[in-house]
Amino acid sequence: MEQLLNRLNPWWTEKYAHDAVPRISYLEEILSNLDNNLIIFLTGMRRIGKTTLMKSVISNIQDTVPRKNILFVPLDHPIFMDKRILDVVETFREINKIAFKEKIYLFFDEIQAKGDFEQDLKSLADNENVKIFCSGSQSLLLRDKKALLTGRTKTIHINPLTFKEFLQFSNIHVEEENKHLYKRYFEEYLEIGGIPRYVLERDPGYIIELVDAIIVKDIVSYHNLKNIKIIKELFLLLCERSGKRLSFNKIADILSVSVESIRQYISFMEESFLIHLVYRDAKTLNERIKSNRKVYIADVGIRNVIAEFKDKGAVFENLVFLNIKDKNPRYYFENNREIDFVFKDTAIECKYKEAPDEQELSALNKSRFKEKVIVKDHTFFL
């Protein structure tokens, strides 16, 4: 273990050069919490950039704190599987001759790999001079396990790249006089999406392998499921239906499995950040629960590789959802008229490169929402 820790933490012996494209907004938010006592949890889908952000934080703090006091551990590595977090930290102190009173900075990647992590984190936070950062890719597990740490944590959800980040990762800088170029670059973003490595390499095989990894590791293996083929077919159906209201009964008929199995598999996909479900804006809780949900894929690049780049209107709507996801939007449906998204006093209708028809305009104008927005192009994302 000592040899591995030395390889994983090169900054112990020399200044660390981290050459990844920085995601400034997340980096600034994390660093703004450096001096408080909160345990920082970075959540999000696999390979969305959580580990890279941790390395960016390390690169940024290495000149202001002792480098030997920074520990990075990928807890899903086989060597750490049978080790408690407390034991790894103790070994780290011994290797670098760190006194108990010295402050240490702990970065635990894939924290959900340790079933009892919350107990060890609580012990570290209560008894040692530490700043703790954790990453994880399964929402329900992290939420349940963090119960013991109530009031001690801050969760930062890492999303796919925004349009501006897409341009940055693509090494594209648009001058003021060339703003007309945004339109063409947005077409690329609509197709490629925001998975960092896919944006850099543009290899569809990477997306297929990523989806396989999520389905196999975070869903099938973790929940001890049997039929991986059904789950992959279900995800394909969901990609083809992004932006549409789901009928669990119809999907169950198509796949020849029970409705309860479909509900369960979809909930597992949601826990793994692979999809997002949107509820209907309803007057009562019962009505909301009974109504069909709409489904959106975690990244449009994934959706386009799995289901092909077609129906740009649906892809655009998916992208708008990802841009407003933190506002907890719902969809509005009354008298056979639908509004794509509503939240607080705002209603949003998505119409990529076209005008809404009379029925859509009527639904929007007659709705109770004060702010009525029609989103139709890249300007919404700038």
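**Exercise 1. Locate Ser 367 in the loop between helix H17 (358-366) and S11, and describe its surroundings.**

Solution.
Step 1. Ser 367 belongs to the loop that connects helix H17 (358-366) with S11. Helices (H or I, at least four residues) and strands (E, at least two) are DSSP runs, numbered from the N terminus.
Step 2. The model is predicted: local features need pLDDT of at least 70, side-chain atom pairs count only at pLDDT 80 or more, and totals for chains, interfaces and linings use all residues. Residues are numbered from 1 along each chain as its sequence is written, and side-chain values use heavy atoms, with hydrogens and water left out.
Step 3. Is Ser 367 buried or exposed? Its relative accessible area is 8%, so Ser 367 is buried. Buried means under 20% relative accessible area, exposed over 50%, and partly exposed in between (1.4 Å probe, protein chains only).
Step 4. The side chain of Ser 367 reaches the backbone oxygen of Leu 364 at 2.7 Å.
Step 5. Leaving out residues up to four places away in sequence, Ser 367 touches Ile 339, Ala 347 and Lys 372. Contact means heavy atoms within 4.5 Å.

**Exercise 2. Describe the open sheet of four strands and the helices on it.**

Solution.
Step 1. The strand order is S8-S9-S10-S11, and the pairing is mixed. Two strands pair if DSSP finds at least two bridges between them.
Step 2. Strand S8 (330-334) and S11 are the edge strands, each pairing on one side only.
Step 3. From one strand to the next, the twist averages 35°. Axes are lines fitted to C-alpha atoms, for helices over the stretch in contact, and angles run from 0 to 180 degrees between N-to-C directions.
Step 4. Three bridges pair strand S9 (residues 337-343) with strand S10 (residues 346-350) in the antiparallel sense. Phe 341 has Ile 348 as its bridge partner in S10.
Step 5. H16 packs on this sheet and touches S9, S10 and S11, its direction making about 25° with that of S9. H17 lies across S9, S10 and S11 and runs at about 45° to S9.

**Exercise 3. Work out the order and pairing of the five-strand open sheet.**

Solution.
Step 1. The order is S2-S3-S4-S1-S5, with parallel pairing.
Step 2. Why is one side of strand S2 (70-74) and of strand S5 (153-157) left without a neighbour in the sheet? Both stand at the edges with a single partner strand each, so one side of each has no neighbour there.
Step 3. The twist in this sheet averages 15° from one strand to the next.
Step 4. Strand S1 (residues 39-43) runs parallel to strand S4 (residues 130-136), joined by four bridges. Ile 40 has Phe 133 as its bridge partner in S4, and Thr 43 has Gly 136.
Step 5. Helix H5 (residues 117-127) packs on the sheet, touching S1, strand S3 (104-109) and S4, and its direction makes about 160° with that of S4. Helix H2 (residues 24-31) lies across S1, S4 and S5, at about 175° to S5.
Step 6. S3 and S4 also run parallel, with five bridges between them. Leu 106 is matched with Ile 132 in S4.

**Exercise 4. Decide how S4 is placed with respect to the rest of the structure.**

Solution.
Step 1. Seven of the seven residues of S4 are buried, so S4 is largely enclosed by the rest of the structure.
Step 2. In a regular strand the side chains alternate between the two faces of the sheet.
Step 3. Val 130, Ile 132, Cys 134 and Gly 136 point one way from S4, while Lys 131, Phe 133 and Ser 135 point the other way, and all are buried.

**Exercise 5. Classify the ring pair Phe 316 and Phe 381.**

Solution.
Step 1. The whole structure holds 19 aromatic pairs. Rings of Phe, Tyr and Trp (its six-membered ring) pair if their centres lie within 6.5 Å; planes under 30 degrees apart count as stacked, over 60 as edge-to-face and the rest as tilted.
Step 2. The ring centres of Phe 316 and Phe 381 are 5.9 Å apart and the planes stand at 70°, so this pair is edge-to-face.
Step 3. Phe 316 lies in helix H16 (residues 312-324) and Phe 381 in the segment after strand S11 (371-375), so the pair ties together parts 65 residues apart in sequence.
Step 4. Both Phe 316 and Phe 381 are buried.

Technical notes:
Polar contact = N/O pair within 3.5 Å; in protein donor to acceptor, adjacent residues only side chain to side chain.
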